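Open the model in your viewer and keep the sequence panel beside it. The stops below say what to select next and what is there.

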There are 2 protein chains.
Amino acid sequence: METKGKRILIADDEPDILEIVSYNLGKEGYEVYTAKDGNEAIERAKQLNPDLIILDVMMPKKTGVEVCAILRSQSLFQDTMIIFLTALSDEASHIKGLETGADDYVSKPISPKVLVSRVNALFRRINKDDGKTLKIGNISIDPVKFIVEIEGKEVILAKKEFELLYLLASKPGRVFLRNEILSQVWGMDVIVGDRTIDVHIRKIRQKLGVDCITTVKGVGYKFEI
Amino acid sequence: METKGKRILIADDEPDILEIVSYNLGKEGYEVYTAKDGNEAIERAKQLNPDLIILDVMMPKKTGVEVCAILRSQSLFQDTMIIFLTALSDEASHIKGLETGADDYVSKPISPKVLVSRVNALFRRINKDDGKTLKIGNISIDPVKFIVEIEGKEVILAKKEFELLYLLASKPGRVFLRNEILSQVWGMDVIVGDRTIDVHIRKIRQKLGVDCITTVKGVGYKFEI
DNA sequence: ATTTGTGTAAACTTAATGTTAACATGGAAA
DNA sequence: TTTCCATGTTAACATTAAGTTTACACAAAT
C-alpha cells in the first residue's frame, strides 16, 4: 500500500503515547503530526488537513469527542477519518464515539501493532486519492497549483468553480446528484438557492470553452469528454 | 442513515449469536441473512452479493479467515465489507484478520449495541449506495453513469425511462405487475393515468431499438432478451 | 476609498420530460 | 365474425428542471 504522503494528526496529552504512536506510524511511512490538547488539535487540523486524526478522548481544553464534533461540522473535515483513543472501555462511550462520526475506536492500553493495523485497514478501504492532478483527455486539473489546463492553455477558475469541476472530474462519467454536489462542495449544512449550482456550472462551461459537463436532467451532472 | 436494502450476511455456528445479531441488525433496517459454517457462508455470499459479511473466526468446515481469503480473491467481493467476530482477543489474530482484508474486528462476547454501532459506522463511511451495473446479454445499464449501452453503443434515456428499464432489468425474466412498476418507479402515492406506463415502455423500446421488453397481457411487463 | 473578483439570489426563458387523451390495433372469447 | 379489452401509438399539452441574465452583497486586493 501507498502510505507515503498520507498525513496523520495525533492528539494526546501523554507525551509517551504521542511518541510511541508517532514512531510506529512514521515507520510505516506516514507523515505524523502531533497536538497535546483539544484546541491545538483543532488548530493543527485546520493547518494540515490531515487524512486521519487520532484523538485521545480525555484531553485538556477540549475532549476528543468535542474536537470530533467541531471538526465534523465543517465541510473540510467531512471526509477526514477519525479514530478515538481511550481508556474508557465501557460500551456507552464506545457507541457515543462512533455516533459522533468516528471511524474507529481503540482502547488503551494500546498496542502499537494493533493501532497500526487498524490505521492501515482504514487507509486500505478509503484509498483517498486526493490531491492528485487529474488528467482527462487534454484537460488537466491540478488542485495543488489550483490550475486547469486545457490543450496546454491555462484557464483560471474561481474557488467554487474549481472545486465543483474537480469533484465531477474525479470520477469521470459518474453522475453526481445535486445534493451530492451541494454537500461535497458547499457542505451539508449550507443552504443555497436552487439555481446556484447551475450558475457555477455555466461559468465553468463558459471558461473551459469545451463541452465536458453533461446534464442528466432530473438527476445531476457528470464530467465527460 | 438509509439502511434499507443493505444486505448483511452473518456466519456463525452458534445459533444464539446468529439470532441475537440478526434481530438487532434487522431492527436497524438491514436485510439480514445467515449461514452456519464456512462453506455455507461462501455459497450464500455468492448468491446474495451482500454489502457486508460478518464472519465468525471459529467455524466448522472453513474458518472465517479462510472464507475471507477465498472471497477476497474474487473480484466480485473486492469491495464487500467484512467484519470478523471472534473469541480470540489476542493481538496476533487481531492483526492477521485485518491484514487478510477485513474492515473491522469485534471480540466476543459481543455486545449487540457495539456491533450495530460498528456496522453503522462502516456503512456511514463507505456509503456504498450506488446501484450496480446490470449486464444482460449485450445490454449494460449503469446507474452510476446513468448510461445504457447496447452493443457498445450509448443510448440516452430520460430519468423515468431509465428507472423503469433498470427495474425490469434488475430481475430479467420476472414479470412486473403494473402496480409494482407504479409503486417502484413513480412511488405509491402518485396517481398517473393508465397509459402512462405504456408510453414510457414505448419510448424505451424505440430508443433501444432492440426488443427486450415483453408484454405479458393482463399482467405486466418483463425484461427478456 | 475604490476597484475587482467571487458567490448567491431572483426573475425570466428555454428546453426536456412526463402525462393525458383520443384513437388504432390486434388477439381472444363469444 | 363480431365484440371486447388490453395495449400500442401519436400528438398535444402540462409540468418541471435547467439555462441565462442581471443585480447585488461581500471580501480581498489595490
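In which sense do strand 11 and strand 12 of chain B pair, and over how many bridges? Select residues 213-216 for strand 11 of chain B: this strand pairs with strand 12 of chain B in the antiparallel sense, over four bridges. Bear in mind throughout that the model is predicted.

**Strand 12 of chain B**

Stay with this pair and colour B:Thr214, whose bridge partner in strand 12 of chain B is B:Lys222. Three residues lie between the two strands of this hairpin, and B:Gly218 takes a positive phi near 80° there.

Now select residues 175-177, which form strand 10 of chain B. Strand 10 of chain B also pairs with strand 12 of chain B, in the antiparallel sense and over three bridges. Here B:Leu177 stands opposite B:Gly220.

Next, show residues 220-223, the whole of strand 12 of chain B. In a regular strand, side chains alternate between the two faces of the sheet. Are the two faces of strand 12 of chain B covered or open? Both are covered: B:Gly220 and B:Lys222 are buried on one side, and B:Tyr221 and B:Phe223 are buried on the other.

**Helix 6 of chain B**

Select residues 159-170 of chain B, the 12 residues of helix 6. From first C-alpha to last, helix 6 of chain B reaches 16 Å, close to the 16 Å expected at 1.5 Å a residue. Its buried residues include B:Phe162, B:Leu164, B:Leu165 and B:Leu168, and B:Glu161 is also one of them.

**Chain A as a whole**

Move to chain A, which has eight helices and 12 strands. Of its 225 residues, 47% are buried. The accessible surface of chain A comes to about 11,000 Å², and carbon and sulfur atoms account for 52% of that surface. Among contacts in chain A between residues at least 6 apart in sequence, 56% join residues at least 24 apart.

**The sheet of strands 6 to 9 in chain A**

Select strands 6, 7, 8 and 9 of chain A: they form an open sheet in the order 6-7-8-9, with antiparallel pairing. Strand 6 (134-136) and strand 9 (153-155) of chain A each have a single partner strand, so each is an edge strand with one side left without a neighbour in the sheet. From one strand to the next, the twist averages 20°.

Zoom in on strand 6 and strand 7 (residues 139-142) of chain A, which pair over three bridges. A:Leu134 stands opposite A:Ile141 in strand 7 of chain A. Add helix 6 of chain A (residues 159-170), which packs on the sheet and touches strand 6, strand 7 and strand 8 (147-150) of chain A. The direction of helix 6 of chain A makes about 120° with that of strand 7 of chain A.

**Two crossing helices in chain A**

Keep helix 6 of chain A and add helix 8 of chain A, residues 196-208. Their axes come within 10 Å and cross at roughly 85°, so the two helices are roughly perpendicular to each other. Among the residues that meet here are A:Leu164, A:Leu165 and A:Leu168 from helix 6 of chain A, and A:Ile197, A:Ile201 and A:Ile204 from helix 8 of chain A.

**Last stop: A:Gly38**

Select A:Gly38, in helix 2 (residues 38-48) of chain A. Is A:Gly38 buried or exposed? A:Gly38 is buried, with a relative accessible area of 0%. Leaving aside neighbours within four places in sequence, A:Gly38 is in contact with A:Met59, A:Pro60, A:Lys61, A:Lys62 and A:Val67. The C-alpha atoms of A:Gly38 and A:Val57 are separated by 9.3 Å, and the two residues are 19 residues apart along the chain.

Key. Residues are numbered from 1 along each chain as its sequence is written. Chains are lettered from A and ligands numbered from 1 in the order in which they are written. This is a predicted model: local features need pLDDT of at least 70, side-chain atom pairs count only at pLDDT 80 or more; totals for chains, interfaces and linings use all residues. Side-chain values use heavy atoms; hydrogens and water are left out. The expected span of a helix is 1.5 Å times one less than its number of residues. Buried means under 20% relative accessible area, exposed over 50%, partly exposed in between (1.4 Å probe, protein chains only). Two strands pair if DSSP finds at least two bridges between them. Axes are lines fitted to C-alpha atoms, for helices over the stretch in contact, and angles run from 0 to 180 degrees between N-to-C directions. Contact means heavy atoms within 4.5 Å. Accessible areas come from the Shrake-Rupley method with a 1.4 Å probe; for residues, only the protein chains shown count as cover. Angles under 35 degrees count as roughly parallel, over 145 as roughly antiparallel, 65 to 115 as roughly perpendicular and the rest as oblique.
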